[in-house]
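Thanks for coming, everyone; I would like to walk you slowly through one structure today. Please take a moment to look at the sequence and the model before I go on.

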Amino acid sequence: MSAPLLKVENLCVNYGHIEAARGISIEVGEGEFVGMIGSNGAGKSSALKAIAGVVKPASGSITLGGKPVQGLASHEMVHQGVALVPEGRFVFADQSVEDNLILGGFVQAQRSGVAALRDDIDRMFQLFPRLKERRTQQAGSLSGGEQQMLVIARGLMSHPRLLLIDEVSLGLAPKILDFLFPVLVDLNRQGLSILLVEQIATRALAVTSRAYVMENGNVKISGRSSDLVKDAAVMEAYLGKQ
Ligand code: ATP
């Protein structure tokens, strides 16, 4: 059997004395859409940041297509084909929408040239027509939903094999989520592997095929999303009312 695209084993992340991730083991197969759900402070973001090279793990192993990648810096992880859509809709606020996309396409432009960069921007404008309408507008003046679209599009500009998404729903209206989640499903259907960290469990379980339920820095339960969503004990004990 070939190695999964992403394999994380016994991942530990500490911030000083705080143990944010305590031996997390997860996998994402090629072309899979996998969720990580669970309460505040469960360690989901820390795991994602460690995979993306944003924080250094204290211990554990991370492989991508069988190749060890733990400890690589975030820009090296982009070269490896991993893009992080961080929590909090971080955009380059003073730059235009288009310039934000160009910055996201920097690594890919080095490989494929500037003409390909133009094609990629057009592809993002097809995916998110709102961004096309606002292409010259400063990113900081976009609505929350538009900023989230921009951060996702900026991540896609690097042509990732694996997209890591942290809390796409945070502070956004249900109507915007009704648009954003189907876009992610389409991207996955086109072959993109996705690991989605999400606090609204029902949203995550509706779009992913498998999920990990996190608690207190570790995986508490994992399984098919369609089974987890039917599991009243899971919903009640770990996820609360959604
Ligand atoms: P949330 O949804 O609130 O982001 P989470 O499941 O993603 O929760 P983490 O953000 O990974 O959880 O946080 C896990 C633990 O690590 C929490 O106790 C949190 O307070 C702590 N923590 C996270 N980031 C830092 C940091 N930079 N410095 C110190 N402690 C941190």
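Let me begin with helix α1, which spans residues 44-52, and which is largely enclosed by the rest of the structure, because 8 of its 9 residues are buried. Please keep in mind that what you are looking at is a predicted model. The buried residues of α1 are K44, S45, S46, A47, L48, A50, I51 and A52, and just after the helix comes G53, which takes a positive phi of about 80 degrees.

The helix also brings us to the ligand, which is surrounded by 14 residues, the closest being N40, G41, K44, S45 and S46. Which element gives the largest share of that shell? It is α1, with 3 residues, while β2, residues 18-28, likewise supplies at least two. By character, the shell divides into 4 nonpolar, 7 polar and 3 charged residues.

Looking at individual atoms, a polar side-chain atom of K44 lies 2.8 Å from an oxygen atom of the ligand, and polar backbone atoms also take part, with that of G41 at 2.7 Å from a ligand oxygen and that of G43 at 2.9 Å from a ligand oxygen. Taken alone, the ligand exposes 630 Å², and the protein buries 64% of that.

Finally, let me turn to N188, which sits in helix α8, residues 174-189. Is N188 buried or exposed? N188 counts as buried, because its relative accessibility is 16%, and the cut-off for buried is under 20%. Leaving aside residues up to four places away in sequence, N188 touches G31, E32, F33 and I194.

Note on methods. Residues numbered from 1 in each chain as written. Predicted model: local features only at pLDDT ≥ 70, side-chain atom pairs only at ≥ 80, totals over all residues. Heavy atoms only, no water. Helix = DSSP H or I, 4+ residues; strand = E, 2+ residues; numbered from the N terminus. Buried < 20%, exposed > 50% of the residue type's maximum accessible area, 1.4 Å probe, protein only. Contact = heavy atoms within 4.5 Å. Near = heavy atom within 4 Å. Polar contact = N/O pair within 3.5 Å; in protein donor to acceptor, adjacent residues only side chain to side chain. Areas by Shrake-Rupley, 256 points an atom, 1.4 Å probe, with all protein chains shown as cover. Nonpolar A, V, L, I, M, F, W, Y, C, P; charged D, E, K, R; others polar.
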